[in-house]
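Let's take a walk through this model together, from the meeting of its chains down to a few single residues.

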Amino acid sequence: MEIWSLTRFPEGSQGEKPVPPEPWAHDDPRVPPIPTQDFSNLPRQQRGLHAKSYEYLRLSEGIEGGVANFERTVDGFLAGLPYEQLLPALRQINLNPLERPVVDLGF
Amino acid sequence: MAITDQRRSRIPVPFAVEIPDRIPKERFYDPGFFQQEVDLLWSRTWQMACRLEEIPQPDDFTEYQILDQSIIVVRTEDGGARALQNACRHRGVRVVEGSGTCENGFVCPFHGWCYAADGTNTFVSKARTFSEHNLHSGDLDLTPVRCEVWGGCAWINLDDGAPPLRECIEPFATTLDAWKMESLRSEWWYSFRLPVNWKLAEEAFLEQYHVIETHPQLVIPGRFPPRDPTTFDPRTFVESELHYLHTMSDGMAGMVHANDVAIAEGLRDLELPADPVLAMATWQRRLNDAVVEWHRGRGCDIPDLNELEEVRKRR
């Protein structure tokens with residue numbers, strides 16, 4: 001995963017040419033605090049999913065639609081749907097996903 | 001009927017999402033599912049290949065890799081970019097690694113086949129020793145890849161039949177254009193190796209439901225209107241806002257930029273109305289104005305943030 005920080009420079013000055021970063025481990029102490037908190041959950045989720053009794057991510061219809069709509073759009077690609085069917089779904093997920101409900105994607 | 005009650009079975013995908021708010025777990029570790037993503041998703045989706053600051057001059061190039069594909073992105077004279085598959089048409093060697101300039105073209109390190117910056121083959125050594133059918137012109141050029149420039153980035157798509165970039169990233173593109181995305185420049189760039197499926201990593205950032213438990217330091221009392229408006233204290237509100245901005249700034253190496261935090265600090269003593277809703281709106285409007293003024297004062301291109309807020313509210 002990569003994160004870029006973009007900001008405004010006076011017109012004409014370009015900032016420095018970015019150099020490709022060495023990837024850090026998810027728990028590297030140099031990772032800033034907020035992503036460190038996010039990253040600490042992720043390997044535990046990846047391992048936890050395998051539990052025998054666990055079958056599916058149980059999402060909130062009201063506020064985790066960002067996840068649900070994205071996964072369903074992935075299915076549209078995997079089903080080989082034509083672009084005219086994928087574009088309306090992309091328009092639904094190319095929005096601020098926070099607090100989004102599950103929406104109809106048209107397929 | 002709620003959308004989550006609809007069962008979908010028309011999609012012939014293994015481990016498909018049949019009930020929209022239930023995501024089968026196998027999607028995050030099944031090798032067959034991953035292979036389907038390789039074959040049917042990554043092969044036909046627009047991807048940010050690089051920032052244009054990485055290739056500032058004409059003929060500067062950088063290599064973008066996705067799965068087993070390597071693509072050369074070259075800056076063009078007109079400020080745009082072009083992309084080429086990074087495989088010599090002779091024996092398949094990757095013609096370049098990393099980044100550099102191709103003002104003198106590309107030379108394959110194996111047998112010295114040469115290509116111009118636009119991928120045209122310019123030299124085949126001992127060409128007379130090849131049969132004619134292996135030297136058809138057009139078959140010898142580096143294969144072009146769809147490439148478009150938007151928002152200060154070069155984007156590629158491995159599917160020649162995909163719609164133009166902009167159609168695939170709306171309404172994000174229109175929103176970010178209003179922010180003058182193209183005038184932003186890179187300040188830093190981090191890379192992390194996460195031992196998880198790519199979708200789990202992405203989805204940790206697609207909701208804010210997790211904030212209360214995962215990032216408790218961001219839940220700061222006093223930032224929202226109190227139930228009883230007579231208990232509202234504008235000074236406490238401003239302190240809470242500043243504390244939040246500092247925490248966001250320190251927490252993500254500038255998720256709120258240090259410049260903006262300093263500008264907000266300059267408004268610490270701002271007179272605010274006693275009414276909480278009015279006070280919060282006034283604070284935000286004055287802060288937006290101060291940020292715009294500061295940037296314009298040093299010659300940065302920045303939109304009027306309060307106008308953007310008005311546009312957002314009208315949507």
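What follows is a short report on how the chains meet, how some helices pack, and a few local details.

**The interface**

Please keep in mind that this is a predicted model. A good place to begin is the contact between the two chains, where 92 residues of chain B touch 76 residues of chain A. The size of an interface is often given as the accessible area lost when the parts come together. Here about 8,200 Å² is buried between chain B and chain A, and carbon and sulfur atoms supply 63% of that area. On the chain B side, the residues that lose the most area to chain A are B:R44, B:W189 and B:F192, which together give 10% of what that side buries.

Charge pairing also has a part in the picture. Side chains of opposite charge can pair when their charged atoms come close. Over all chains the structure holds 13 salt bridges, and 2 salt bridges are found across the interface of chain B and chain A. A:E71 and B:R27 form a salt bridge, with their closest N and O atoms 2.8 Å apart. A:E71 sits in helix α2 (residues 65–78) of chain A, while B:R27 sits in the loop between β1 (22–24) and α1 (31–40) of chain B, so this pair joins two chains.

**Helix packing around α6(B)**

Two packed helices are described by the angle between their axes and the distance between the axes. Helix α6 of chain B, residues 234–251, takes part in two such packings, set out here.

| Helix pair | Angle between axes | Axis distance |
|---|---|---|
| α6(B) and α8(B) | roughly 45° | within 11 Å |
| α1(A) and α6(B) | about 70° | 6 Å |

Let's take the pair inside chain B, where the partner is helix α8, residues 276–297. An angle of roughly 45° between the axes makes α6(B) oblique to α8(B). Their crossing is right-handed. From α6(B), the contact is made by B:F237, B:V238, B:E241, B:L242 and B:L245, and from α8(B) by B:A279, B:M280, B:W283 and B:L287. By type, the residues of this contact are 8 nonpolar, no polar and 1 charged.

The other pair reaches across to chain A, where α1(A) covers residues 33–48 and packs against α6(B) at about 70°. The two helices are therefore roughly perpendicular to each other. On the α1(A) side we find A:P33, A:I34 and A:P35, which meet B:T247, B:M248, B:D250 and B:G251 of α6(B). This contact of α1(A) with α6(B) divides into 4 nonpolar, 2 polar and 1 charged residues.

**Local details in chain B**

Which residues does B:D159 touch, leaving aside those up to four places away in sequence? They are A:Y83, B:S43, B:R44 and B:R146. B:R44 has already appeared among the chain B residues that lose the most area to chain A. B:D159 itself belongs to the loop between β11 (153–157) and α2 of chain B. Its C-alpha atom is 8.1 Å from that of B:V145, although B:D159 and B:V145 are 14 residues apart along the chain.

Two backbone features are also worth a look. B:E170 and B:P171 are joined by a cis peptide bond, with omega about 0°. B:P171 is located in the loop between α2 (165–169) and α3 (172–178) of chain B. B:F15, in the segment before β1 of chain B, has a positive phi near 55° in a residue other than glycine.

Methods: Residues numbered from 1 in each chain as written. Chains lettered and ligands numbered in written order. Predicted model: local features only at pLDDT ≥ 70, side-chain atom pairs only at ≥ 80, totals over all residues. Heavy atoms only, no water. Axes fitted to C-alpha atoms, helices over the stretch in contact; angles between N-to-C directions. Helix = DSSP H or I, 4+ residues; strand = E, 2+ residues; numbered from the N terminus. Parallel < 35°, antiparallel > 145°, perpendicular 65-115°, else oblique. Left-handed = near helix turned anticlockwise from the far one by under 90°. Contact = heavy atoms within 4.5 Å. Nonpolar A, V, L, I, M, F, W, Y, C, P; charged D, E, K, R; others polar. Buried area = accessible area lost by both parts, 1.4 Å probe. Salt bridge = Lys/Arg side-chain N within 4 Å of Asp/Glu carboxyl O.
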